[in-house]
Amino acid sequence: MIYKYLYTIFLLALCLLCVSCESSKIDQLEQEVEVLHDEVMPFLDDMKRQRRMLVQLSDANPPDSLRIRQSIRMITQSDSLMWAWMDQYKRVEVLRDESMSDEKIEAYLVDQRQSAKTMNTAIKDAMAEASEILGENKE
C-alpha cells in the first residue's frame, strides 16, 4: 500500500519536473526573441536621421543617387520589418491567456526568434550601409 502512494508521489514529481523544464525552455526562447528586438529598437531614431540625410544627399548628388536610393530603401524596409514584427508579436502571457499549449507556444517562439533575427540583421545592415555612405564611423 505504501508503495502505491510513493509511486503516485514519484509520478507527480516527475510530471512537475517535466512542466518546469518546458516552462524554462519557453522562458529562454522568449528572452532570446526579446533580446533580438531590444538590441535594435534604440536604433529607430538613428535610422530616421540617416534616412533624412540620405534623401538630402540624393537630391544634392543625382549622378550618385542609385546607391543612396538603395540605402534609403534598405532603411525603409528594415523599419517596416520592425514595425510589422512588433504589431504581430504576442508575449507568452497573452498566448497562455488564449489557452495555447506549451508545445504551440514553443513553436511560435522558434518562428518569432527567426523573424526577429531577420529584422535585427536587416536593421544592422541598413544602418551600416547608410553609415558608410554618410561617412559615419561607428566604433
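## Salt bridges in a predicted model

Start with E32: with 27% relative accessibility, this residue counts as partly exposed. Keep in mind that the model is a predicted one. The partner of E32 is R113, and their closest N and O atoms sit 2.7 Å apart in a salt bridge. E32 belongs to helix α1 (residues 2-40) and R113 to helix α5 (residues 102-134), so the bridge ties together parts that are 81 residues apart in sequence. R113 is partly exposed too, at 22% relative accessibility, which puts it above the 20% under which a residue would be called buried.

Helix α5 also holds E132, and here the partner is R67 from helix α3 (residues 65-88), 65 residues away along the chain. Their closest N and O atoms are 2.7 Å apart, again a salt bridge. How exposed are the two ends? R67 comes out as partly exposed at 37% relative accessibility, while E132 is exposed with a relative accessible area of 54%.

Then there's K90, whose side chain meets that of E98 in a salt bridge at 3.1 Å, N to O. Both ends are partly exposed: K90 at 34% relative accessibility and E98 at 42%. Elsewhere, E34, R91 and E93 are joined into one network by salt bridges that share partners.

Here are the three pairs side by side:

| Pair | N to O distance |
|---|---|
| R113 and E32 | 2.7 Å |
| R67 and E132 | 2.7 Å |
| K90 and E98 | 3.1 Å |

And the overall tally? Searching the whole structure turns up 10 salt bridges, among them the R113 and E32 pair.

How values were computed. Residues are numbered from 1 along each chain as its sequence is written. This is a predicted model: local features need pLDDT of at least 70, side-chain atom pairs count only at pLDDT 80 or more; totals for chains, interfaces and linings use all residues. Side-chain values use heavy atoms; hydrogens and water are left out. A salt bridge is a side-chain nitrogen of Lys or Arg within 4 Å of a carboxyl oxygen of Asp or Glu. Helices (H or I, at least four residues) and strands (E, at least two) are DSSP runs, numbered from the N terminus. Buried means under 20% relative accessible area, exposed over 50%, partly exposed in between (1.4 Å probe, protein chains only).
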